[in-house]
Amino acid sequence: MAGTVLEKGKSLYKNGQPMTALHLITAGAVNAEYPGGTYQLKKGDVIGICEICSEIHFLGYTATEDSTILTYPVNNMEALDDLLQKHPDVARVFMISLFRQINMLLSQSSISEMNCANLHQNLTEDYEKYTALCARYRVTPRSLDGLNEVSAYIVAEDPDIWLNSYYLGLQNIYSSKYANILIQEPGISLGMLRKGSLDFRKTYTLLDDQNHYCTQILQYYLNSSGNDLFDFYTSLYYQLGANSEDATSLCKDIERMITHFEGNPALDANQVTQRVESFRSRLSVVNKPELAADKNEDSLSASILSELAGSLNAILEFAGADFKDADTFRQHVNDYKKLEDKNAMDDVAGRLRKRLTAEFNSLYAVVFEQTLGTPYIPTPVKMFLYFGYVDEELAGASNCGVLYNLTFGIEDQSKFGVYTFYHWLLAIYNGDKSPSRNEFDEDYTDYLHKQKAQGNITASQLDSMEKDPMSRVKYELENMFASANKVTFGRISTFCPLFAAENVLKDLKGAFVTLTQISKALETIRSIDYSAFYRESMDFENMDIMGKEMIHLEFVPDVILAPNVGIRGVMWQEIEGKKRNSPGRMVFSIFHMEDLTTTMVRLAGEFRWEMCKRIQGSRWNDVSERSLTSEYFDYVQFYRKNHELSAEAKERVRVSLQRAKNSFKEMFVRDYIIWVLFEGNNSPRLNKVARKILFAYCPFPARLMTTLSQNPLYSELMERSQILASQRVHHLEVLAQKIRNNGAQVPSTLEAEIAYTQGKV
C-alpha cells in the first residue's frame, strides 16, 4: 500500500469532521489536540483509532514534521471487523496504538485535575493577599466580580483508578509474543477496541470539563474588561512603588501569573501579549526612574506614572455603586483601546463610540455628585472631570504628564467668567448660574411646569425639583453637556468623549485654553467692535434722576470649557434664561486645536446676530424696523437689484451666499470676521453695502476712527456717524447739567454712556 505524505504544519482533521478512515503513521510525527493540550503520535501510531466508535473526530490532528501515512477506509464497526479478520498483524498495531493513546490521555487527566484544584486555591490565596496588602497600605481594595460564585473543582465521575494499569498491561501483552494468541480471536480485538474507544471518550469529556473550569478561573486573573487580578496586582505595585517593603513579593507574584498566562491556550494570545508588554514597559520606568527623566518639563516621571496607574479603576471606584454600568464601561474602554483606528467609520467602531458616549455621560453625572460629599478628589478623577481622561494608556504617556501638571494649576475662575465644565456645574449647583435652555428654548422653570401640565410630575415634585440643586445640574447635563461636548469636538460622526492620544493634533500644552488667552481674544474683538457685548437698558438704580433714559451696559459672555480635545467653539446662548441683561454662553474645548482668536471672533458674530434677533423678536427681518438683522437680511435677499453694487460685487455676493449654503446668518458671520480681522486693521475687503451695515451696527472705537479717517472708503460713513454721535452726546450732556442744577450728583452710568457714545470705552 502506497503511503501519503503529510507536510509539516498541515492539518489532517479538525474537531467535528466526519470519521471516514484510519491512518497508520509510517514516518514522522503528528500532534493529537484535545481540550487544553496535545500529545504526540509517532511511527506505528494510528490516527483515529480512539474515535472508532464515533461518527466524527473529537480530536484535531496536525503534522509537526513531514510525515507518511497509510490510509485504511473504515467508517463503521463492520468494516473494522472485516479488516481485523483479514489482517491480524494490522490488528496488533491498532491495539498497541489504542492502549498507548488511552494511557497518555489518562495521565493528562490526572495532571489536569490537580491543576484545577491548585488554580482554585491560588485564586483564593491571591485575592486574600491582595486585600491584605490593601488593608496594610490603606488602599481601597477592588472587588472581583463573581468570585463568591466559584467553587472548588469537583469531579462528576472519576475514571476508574485501575484503568491506567489495565491498559498499560494490555499494551505490554500486545507488544509481546503472546499477542499472536489474542489476535487470532478477532472478537477479542473488536471488543477491546470498543471498550478502549468508550473509555477514551469518557476521559476526553472529563478533560473538556477540566479545561472549561480552568478557563473560567483564568478569567479572574486576566480578561478583556481589565477588572482582573493581574490588573489588581499591577496597579497596586505602581501605587506602592519599587521601594515598598512588599514590592519584591508583588513583582514575583505578577511574574508567576505571567508565566502561567504565556502560551496558555485558554487565554487570548494577543491580549496576554498586550497586557504583559504594558506592565514590563511601565516596570522599567518605575524601577529605573532615570529612564523617565527628560529635559522636557512635560515628561512623565515615575511618581506620576505610579499615581495614574489604574486610572479607570480609580474613577469607577470613586463613582461607587451609583454607577450601574461600571463593568460594561470598563469592557467598552478596553475594546476602544484595541481599535487600530479609533476614528474608523465602520459600524462596529461607530456603535462602540455611541455606547461609550452614553456611559461616559452617565458616569460624569455620578462622579460630579460624588465630589460634593468629599473633601478630597483623587487626581485621576479631577483629570476625568476637567479633560475627559479615563485611562493612562489611551491618553498616552506624554499626554498624561501634561494633563497631570495642568490639573494642579486649575482653579475656580468664575469671577472672570471662565469655567471648566466641572466648575460650571458647581455654579449651577450653588445657584450662581441658571441651567441652559433646552432644544425647545425652555429654561428649567418652564420645563418643570410643562412636565406638570403634561402630568409627568406632581405639584409636590415640581416644588421639590425647583429647590433641589442636583436636579438643576442633571437638567444641564442632559440638555447642554452631551450636545456641547459633541459639537465642540468638531467631528460629530467620529465623536467619542474619552481623551485619546489620536485626537491630539498639536502640542497639547499649547492648545490648553487659559484665562489669559480668552481675555486676549475678547480684547481683540472689543478693540475693533467695542460695542459687541453691550446692550440697551434703563438705569433702574437711578431712575429717580435719570427717568427712562436708555443707557448701554456690557455683559461679557461666560466661557465654558468642555472636557475634550476639539476644533470648534459654539455660541450656546446669547442671554441667561429670559433675562436680557445677563451674560451669554460660549463653549470651547478645554484643548482647542484651532486658533482661539479666530474662533472667538466667529462666535462674537453669531452672538451679534442672535442677540439682535432676540431683541427684535418676530420682526427681526422686517426692514421697516431698522436693525442689524433686518438690514442685512434685506441686503442679501435683494442684492441683485441693489444699484450700489457693481456686477462684480454682485457675483461675489452670489458666491459668498453659495459658500454659506444660503444661510444669511452664516454669511453675516463671515463678513463680521472680515470686519474685525481685516477692515478694523485698515485692510478693506467688504463691498460698499455690507461695510455700511457693519459700520452702523458694529462701530469702530474713537481711536480707530481717527486712524481710518484718511481712508475715503470710510470718510462718508464717519461724517454721518459723527453727526449722530454728537447729537446723542449733546442730549446726554444737557441731561447731566440738568441733574447738577438740581443739586444731585451725576450718576457714573451717565458718564459711562457719554464715553460709550464717543467710542471711548
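This passage describes two open sheets, a set of paired strands, a helix crossing and three buried residues in a predicted model.

The N-terminal part of the chain contributes an open sheet of 4 strands, in which the order is S1-S8-S3-S6 and the pairing is antiparallel. Its edges are formed by strand S1 (4–6) and strand S6 (46–47), each of which pairs on one side only. Strand S6 is joined to strand S3 (residues 22–27) over 2 bridges in the antiparallel sense, and within this pairing leucine 24 is placed opposite valine 46 in S6.

Strand S4 (residues 29–34) has pairings with S5 and with S7. With strand S5 (residues 37–42), S4 runs antiparallel and is connected through 6 bridges, and asparagine 31 stands opposite glutamine 40 in S5. The hairpin of S4 and S5 has 2 residues between the strands, and glycine 36 adopts a positive phi near 95° there. With strand S7 (residues 60–63), S4 again runs antiparallel, in this case through 4 bridges, and glutamate 33 is found opposite glycine 60 in S7.

A further open sheet of 4 strands has the order S9-S12-S14-S13, and its pairing is mixed. Strand S9 (418–420) and strand S13 (569–573) occupy the edges, and because each has a single partner strand, one side of each is left without a neighbour in the sheet. From one strand to the next, the twist averages 35°. The parallel component of this sheet includes the pairing of strand S12 (residues 558–566) with strand S14 (residues 585–592), which extends over 7 bridges; here aspartate 558 has arginine 585 in S14 as its bridge partner. The pairing of S13 with S14 is antiparallel and comprises 4 bridges, with valine 570 opposite valine 587 in S14. Although S13 stands at an edge of the sheet, 4 of its 5 residues are buried, so this strand is largely enclosed by the rest of the structure.

Helix H13 (residues 379–387) lies across S9, S12 and S14 of this mixed sheet, and its direction makes an angle of about 110° with S12. Helix H13 also packs with helix H10: the two axes come within 8 Å and cross at roughly 85°, a value that makes H10 roughly perpendicular to H13. On the H10 side, the contact is made by Ser311, Ala314, Ile315 and Phe318, which meet Pro380, Val381 and Phe384 of H13. By residue class, the contact of H10 with H13 consists of 6 nonpolar residues and 1 polar residue, with no charged residue.

Serine 311, one of the residues of H10 that meet H13, belongs to the helix spanning residues 311–319. Its relative accessible area is 0%, and serine 311 is therefore classed as buried. The side chain of serine 311 is engaged in a polar contact of 2.5 Å with the side chain of tyrosine 389. When neighbours within four places in sequence are set aside, the residues in contact with serine 311 are Pro380, Tyr389, Val390 and Glu392. Pro380 is thus listed both among the contacts of serine 311 and among the residues through which H13 meets H10.

Two other buried residues lie in helices H6 and H2. Serine 235 is located in helix H6 (residues 229–240) and, with a relative accessibility of 5%, counts as buried. A polar atom of the side chain of serine 235 lies 2.8 Å from the backbone oxygen of aspartate 231. Apart from neighbours within four places in sequence, serine 235 is in contact with Arg142 and Gly310.

Cysteine 116 is part of helix H2 (residues 88–136), and a relative accessibility of 0% places cysteine 116 in the buried class. With residues up to four places away in sequence not counted, cysteine 116 touches Tyr153, Gln210, Tyr213 and Cys214. Between cysteine 116 and tyrosine 422 the separation is 306 residues in sequence and 49 Å in space, taken from C-alpha to C-alpha.

Note on methods:
Residues numbered from 1 in each chain as written. Predicted model: local features only at pLDDT ≥ 70, side-chain atom pairs only at ≥ 80, totals over all residues. Heavy atoms only, no water. Buried < 20%, exposed > 50% of the residue type's maximum accessible area, 1.4 Å probe, protein only. Polar contact = N/O pair within 3.5 Å; in protein donor to acceptor, adjacent residues only side chain to side chain. Contact = heavy atoms within 4.5 Å. Pairing = 2+ DSSP bridges. Axes fitted to C-alpha atoms, helices over the stretch in contact; angles between N-to-C directions. Parallel < 35°, antiparallel > 145°, perpendicular 65-115°, else oblique. Nonpolar A, V, L, I, M, F, W, Y, C, P; charged D, E, K, R; others polar.
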